[in-house]
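Please open the structure in your viewer and keep the sequence panel beside it. The tour below moves from one selection to the next and says what is found at each stop.

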Amino acid sequence: MTSIVKNTCVTQPVEKNCIQQSHYTMLDVTEKADELYQTYKINDLYNYLTAYKEIENDEILWRLARVTHDKAKYEKDKHKRHNIMLEAFSYAEKALELNPNSAHCHRWYAALLYFTTEGIGVKHKIQSAFKVREHFDKALELDPDDVISLHSIGYWCFALAERPWYQRKIAATFFAALPETTYDEALEWFMKAEKIQENFMCTNLLMIGKTHLKLHNKEKAIEYLQKATEFKVRTPDDEESHKEAVEILKHMGHGHLLKSCLHIDPS
């Protein structure tokens, strides 16, 4: 994927020194960022990338959007978390402006647009939902094997399928047609992602289990919920999905299937 770089040197925010790209290229920056993300050193990565936030480079900015999103997930205060998500969205928005042909840019723009709708009215939430789907679709057009976008469209379908009737009635007063989605459609998207990369995300396993429950496929639901409880937890999303899967299995009377401890990835 070709990065769009308008700067001829890296500008450091503090020293304001120009470093020649022959010695320290944008590729060096993104490779170092990917190393830090692989070990999930979120604070280190955030601090590292924010030094380059003024650089007009989509590869740096979508990575900065991603790590800022992850940083927000650790914040317990709702107001602070929302503000960090807005910061992340600003990076994703700039990245997309720089490179509208990047699957990564469309994916993170869509994901962060969804998170910025927290606390707003039904009308604006639904309005944003159309735009979210549009950008995830574009991400898949550019990269059909993008498992995060496949999962996200599945989640989008699931959320709309379970939307209460009164919200649909409100939506009908503003929109000619609200998207019709089903749990079967949601499951299809989740399974597409799983077939491309098995066990890639705890939340995908959880959502497959929850969707099977909606479809009254109890055995399949238990199978995937159990997989979610056995997933090695690394991120706040993993932990949240693990806990939800545990609670659902207990509620179903299958607590005996649970392992005795939380599977935390030591890395």
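In which loop is the place of histidine 216? Select histidine 216 in this predicted model, and you will find that residue in the loop between H10 and H11. Its phi is positive, about 65°, although histidine 216 is not a glycine. With a relative accessible area of 71%, over the 50% cut-off, histidine 216 is therefore exposed.

**The whole chain**

Before going further, colour the protein by secondary structure, which shows 12 helices and two strands. Followed along the sequence, the elements come in the pattern β-β-α-α-α-α-α-α-α-α-α-α-α-α. If you switch to a surface view, the exposed area is about 14200 Å², and carbon and sulfur atoms supply 51% of that area. Of the 267 residues in the protein, 47% are buried. Among contacts between residues at least 6 apart in sequence, 61% join residues at least 24 apart.

**Into H10 and the loop before it**

Return to H10 and select histidine 212, which is found in that helix. Is histidine 212 buried or exposed? Its relative accessible area is 8%, and because buried means under 20%, histidine 212 counts as buried. Leaving aside neighbours within four places in sequence, show the residues in contact with histidine 212, namely Leu187, Asn217, Lys220, Ala221 and Tyr224.

Next, select asparagine 199, which is found in the loop between helix H9 (183-196) and H10. Asparagine 199 has a positive phi of about 55°, although this residue is not a glycine. At 36% relative accessibility, asparagine 199 counts as partly exposed.

**Where H7 meets H10**

Now display helix H7 (residues 147-161) together with helix H10 (residues 202-214), and look at how the pair is arranged. Two packed helices are described by the angle between their axes and the distance between the axes. For H7 and H10 the angle is about 35°, and the axes are 11 Å apart. H7 passes H10 in a left-handed crossing. To see the contact itself, show the side chains of His151, Tyr155 and Phe158 in H7, which meet Thr203, Asn204, Met207, Lys210, Thr211 and Lys214 in H10. Sorted by class, this contact of H7 with H10 has three nonpolar, four polar and two charged residues.

Stay with H7 and hide H10 for a moment. The 15 residues of H7 should span 21 Å at 1.5 Å a residue, and the end C-alpha atoms are 21 Å apart, so the two values agree. How many of the 15 residues of H7 are buried? The number is 11, and H7 is accordingly mostly covered. Among the buried residues of H7 are Val147, Leu150, Ile153, Trp156 and Leu160, and His151 and Phe158 are also buried.

**From H7 across to H6**

Keep leucine 160 selected and add alanine 129, whose place is in helix H6 (residues 122-142). Draw a distance between the two C-alpha atoms: alanine 129 and leucine 160 are 31 residues apart in sequence and 9.2 Å apart in space. Alanine 129 has a relative accessible area of 15% and is buried.

**Histidines of H3 and H4**

Move to helix H3 (residues 58-73) and select histidine 69, whose place is in that helix. At 6% relative accessibility, histidine 69 counts as buried. Which residues are in contact with histidine 69, leaving aside its neighbours within four places in sequence? They are Met85, Ala88, Trp108, Leu112 and Phe115.

Add histidine 82 to the selection, which is found in helix H4 (residues 78-98). Histidine 82 has a relative accessibility of 22%, and because partly exposed covers the range between 20% and 50%, histidine 82 counts as partly exposed. Histidine 82 and histidine 69 are 13 residues apart along the chain, and their C-alpha atoms are separated by 9.9 Å.

**Last stop in H11**

Finally, select threonine 229, whose place is in helix H11 (residues 218-229). Threonine 229 is buried, with a relative accessible area of 4%. Extend the selection to leucine 249, which is 20 residues from threonine 229 in sequence and 9.4 Å away in space, C-alpha to C-alpha.

Methods:
Residues numbered from 1 in each chain as written. Predicted model: local features only at pLDDT ≥ 70, side-chain atom pairs only at ≥ 80, totals over all residues. Heavy atoms only, no water. Axes fitted to C-alpha atoms, helices over the stretch in contact; angles between N-to-C directions. Helix = DSSP H or I, 4+ residues; strand = E, 2+ residues; numbered from the N terminus. Left-handed = near helix turned anticlockwise from the far one by under 90°. Contact = heavy atoms within 4.5 Å. Nonpolar A, V, L, I, M, F, W, Y, C, P; charged D, E, K, R; others polar. Buried < 20%, exposed > 50% of the residue type's maximum accessible area, 1.4 Å probe, protein only. Areas by Shrake-Rupley, 256 points an atom, 1.4 Å probe, with all protein chains shown as cover. Expected span 1.5 Å × (residues − 1).
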